[in-house]
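Trainee: I am new to this one, and I would like to learn how its labels are earned. Could you walk me through it?

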Amino acid sequence: MSFAPEGRPFIALALLGLLALGLVAWWRGGWWWGMVAVWIPVAAWVPAFFRDPPRLGPRGEELILAPADGRVTEVVQITEREFMDGPAVRVSIFMNVFDVHVNRHPVTGRVDYRVYRPGSFVNATLDKASEENERMTLGIVGPRGPILVRQIAGLIARRIVTDPDVGDSVQQGERLGLIRFGSRVDTFVPVEVTVQVRPGDRTTAGITVLGVWPS
């Protein structure tokens, strides 16, 4: 199992903490063994959170893949004014603290837009989180048209990592970035795209087909 490089300091701290508690418990005994027992799940969860499994899903310019692991919380038509400048369908995926948090590119194309906006940290499942929370927005132009991907920080998340810059070419299914400790990813697609998911569905980044372009 591979791990996201951003997680290595956290993994090291979790394991060092377990080692330190184990040494103290061996020396002092008593309730310190209880502390070890409490810390073991934490030391196991941190590497699991930063896992980065390979994703070999379907590929093709007619497909738009899910950028995140998680649960679809909303599929709604809106007016997207930041990059697409027109009607779009927003698909929101909420990642809980047990999901893989490495995000992946939904399409192959070129990054034409990248804007970071600081903001609040309200519950990422709320509709207003897309406009009010800390977020990074990427506009990608693929062979079938533009889409927009927005990484949104939540109640716990305080660090959004986004790999590509404006002008970079990106490949469908490859790593886009990561949000530390829970959050949400919104994907905005043109209204002519046939969305393949609905609220309540589970998605897997780089594998689940989010939408299909018209033939």
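Mentor: Gladly! This is a predicted model, where local features need pLDDT of at least 70, side-chain atom pairs count only at pLDDT 80 or more, and totals for chains, interfaces and linings use all residues. Residues are numbered from 1 along each chain as its sequence is written, and side-chain values use heavy atoms, with hydrogens and water left out.

Trainee: Let's begin with strand S5 (residues 109–117) and strand S9 (residues 169–170): what makes them a pair?

Mentor: Two strands pair if DSSP finds at least two bridges between them. S5 and S9 are joined by 2 bridges, so they meet that cut-off, and they run antiparallel. One of the bridges links Gly109 with Val170 in S9.

Trainee: And why is each of them called a strand in the first place?

Mentor: Strands are DSSP runs of E with at least two residues, helices are runs of H or I with at least four, and both are numbered from the N terminus. The chain has 3 helices and 14 strands.

Trainee: How do you know that S5 also pairs with strand S6 (residues 135–142)?

Mentor: The same kind of count tells us: 7 bridges join S5 to S6, again antiparallel. Arg114, for instance, has Leu138 in S6 as its bridge partner. S6 in turn is joined to strand S7 (residues 145–153) by 8 bridges, also antiparallel, and Met136 is bridged to Gln151 in S7.

Trainee: What is the order of strands in the open sheet?

Mentor: The sheet has 8 strands in the order S9-S5-S6-S7-S11-S3-S2-S13, with antiparallel pairing. S9 and strand S13 (202–203) are called edge strands, as each pairs on one side only.

Trainee: Ser92 lies in strand S3 (residues 86–95). Why is Ser92 called buried?

Mentor: Buried means under 20% relative accessible area, exposed over 50%, and partly exposed in between (1.4 Å probe, protein chains only). Ser92 has 0% relative accessibility, so it counts as buried. Across the 215 residues of the chain, 47% count as buried.

Trainee: What makes the Ser92 and Arg184 side chains a polar contact?

Mentor: A polar contact is a pair of N or O atoms within 3.5 Å; within protein, one must be able to donate a hydrogen and the other to accept it, and residues adjacent in sequence count only if both atoms are side-chain atoms. The two side chains come to 3.3 Å, so the distance fits.

Trainee: Which other residues does Ser92 contact?

Mentor: Contact means heavy atoms within 4.5 Å. Leaving aside neighbours within four places in sequence, the contacts of Ser92 include Arg71, Val72, Thr73, Glu74, Val185 and Asp186.
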